[in-house]
Amino acid sequence: MNKKFITLLATVLFVSSCMGMAVSADETEGIEASSEVETYVLEDGSEEPIQVTDEIRADINYGTGVDGFVQRCYEIALNRQPDPAGLSNWKNMLLLNQACGVSVAFGFVYSPEFQNAGFDNEVYVTKMYNLFLGREPDAGGKQYWIDKLNGGESREEIFAGFANSVEFYNLCNSYGIVSGTYIKGIGMERNANINGFVTRLYNLCLFRNGDMGGQSMWVSGLANGTITGAEVAHGFIFSNEFINLGYSNYDFVATLYMAFFDREGSIDEITSWSIEINSKYSTKERVFDGFANSQEFTNICNSYGIVKGKSDYGKPCYATNRDHGNVDGFEYLYELEDTIGAKYDVTIYIADEVPYKVLNMCNMDACFDFNVIKKALIAIDEAYAVYPEGFFKQLTYGRVERFSIYISGSGDAAAFTNYSDYASERLICYDAYSITNYAGTIDHEISHCIEQVVLYNSDSFDEDEWNAMNPDGFEYMNSYSGRSPYADNEDYFVSEYCTTYIEEDRAELFETAMVYYWYSSEQAINLPDPIEAKLSYYFNAIRETFDTSSWSIVEPWEEILNR
């Protein structure tokens, strides 16, 4: 639709608070501007010669869509109508995602024609307002930027401030184009390429243009070299937004073909990969690796000037050829730990395989009792079997090298979880004697691992909201040596242990839910409102963080809320 831009976006907040509101006519008096007679097609279709100045240029009807956007760039930046070749070139680049709003604006502002015009700082700032905000500058905002320039700030800094503004983002949306993000110092071509790569993934994976924050995050990371093309693609494919599309395995693979191969997959090709996802020892992330490490995706990244990087999100977490211990007669146990480990994507260590650095974490003893180790392995197998397929792989969030289970003897704790070395290993050490007598300990430690994934990768969990569900004035002890005076308040805590640390509160709740699943059969339960609120909040966060495509409507830990 046709529209004018003198004050249409004036009420949208710009990233710099100094921009203010649109100004009145008398506040713009005294601005030196070019003036010429040009013929414009008005909204009613008639043509009219009018005297055009920089002050009123933003009020001209430039047309709509890509044509209108390019038209306004010529008229505002260069004070002229576009030549046919130039108009066609910019249009095609925008339509093919080879350019975005900021890279087109960069091309005009840093063109020899613009640079040779010799605009002074006052005119330059006025043009930035007209070009990026579609309005005339307010007096305070204009003076702010002029003072910046007069004080030695570069024009590129000023350009970046306007190009990355909310108003320019909205203005580009009104023309149906992607605004993009401008990164200083990398040039127009690289800006355009990186924005094009990110825009392509938004369109193919999420079927929309990028939001301002997301586009900026991915573009900045690629420009600075802190993330690779494969990591960006993983972020899109395993985002909550993509997961919430509820794709079948077939549709999941079909999307990968478009995103990584730039073509549609055949029925046979997609079916073959879909079967791979459904196999016992595969996951969506392993299939993702196959696409991300392909030559086709390498070629796509190269075409955008992007470093692809290596994708190993789905590599096996269990070691198929690792060295085992040397205890005579334990061959069966070594084989059993591998079998169970393969089933759940974990690496299990027993007896002499458990290093002293692990035992020393909680003053554990090594365990060499054949029957106790066997029972502990079976207990782990039975406990892990009720979790959704691929669940333990997700506990590594695709980046941890392995999920490791250590079987020890008695010590200062029945079990402990170590996640301080988050980049390499997720570690749980179980006291074999304890877990053979009480399976709740197994689930308690799993909760600690779940919590780390939720806290690091979810926007749906807030510690302040959690604390608001506790009694007024309550604070966790942050120590295992004491208990809170609220320990007997059974409406808020399922045990005294809950009051030691915030993470123990959640682990105790999760353990309670799993124990209820194992031992309460169809028995109904009436939970106090505060405890039910905590359980619901935690379980909802888990569902919003994890890939739940293969999950049941009600998972075992959720049954306590559904009877």
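**Close-up views of a predicted single-chain model**

**Figure 1. Surface and overall make-up of the chain.** The accessible surface of the chain comes to about 24,700 Å², and carbon and sulfur atoms account for 49% of that area. The model shown here and in the following views is predicted. Its secondary structure consists of 26 helices and six strands. Of the 563 residues in the chain, 53% are buried. When contacts between residues at least 6 apart in sequence are considered, 66% of them join residues at least 24 apart.

**Figure 2. The largest nonpolar core.** This core contains 64 residues, and Tyr384 and Tyr430 are the ones that touch the most other members. Helix 20, spanning residues 370-384, gives the most to the core, contributing eight residues.

**Figure 3. The surroundings of Tyr384.** With neighbours within four places in sequence set aside, Tyr384 is in contact with three aromatic residues, Tyr344, Phe392 and Tyr430. The contacts of Tyr384 also include Ile405, Ile428, Ile442 and Ile446.

**Figure 4. A second nonpolar core.** Separate from the core that includes Tyr384, a second core is made up of 44 residues. Among them are Met93, Phe119, Trp145 and Cys172.

**Figure 5. Helix 16 and its enclosure.** Helix 16 covers residues 284-292, and eight of its nine residues are buried, so this helix is largely enclosed by the rest of the structure. The buried residues of helix 16 include Lys284, Glu285, Arg286 and Asp289. Val287, Phe288, Phe291 and Ala292 of helix 16 are buried as well.

Key: Residues numbered from 1 in each chain as written. Predicted model: local features only at pLDDT ≥ 70, side-chain atom pairs only at ≥ 80, totals over all residues. Heavy atoms only, no water. Helix = DSSP H or I, 4+ residues; strand = E, 2+ residues; numbered from the N terminus. Buried < 20%, exposed > 50% of the residue type's maximum accessible area, 1.4 Å probe, protein only. Contact = heavy atoms within 4.5 Å. Areas by Shrake-Rupley, 256 points an atom, 1.4 Å probe, with all protein chains shown as cover. Core = buried A, V, L, I, M, F, W, Y, C linked by side-chain atoms within 4.5 Å.
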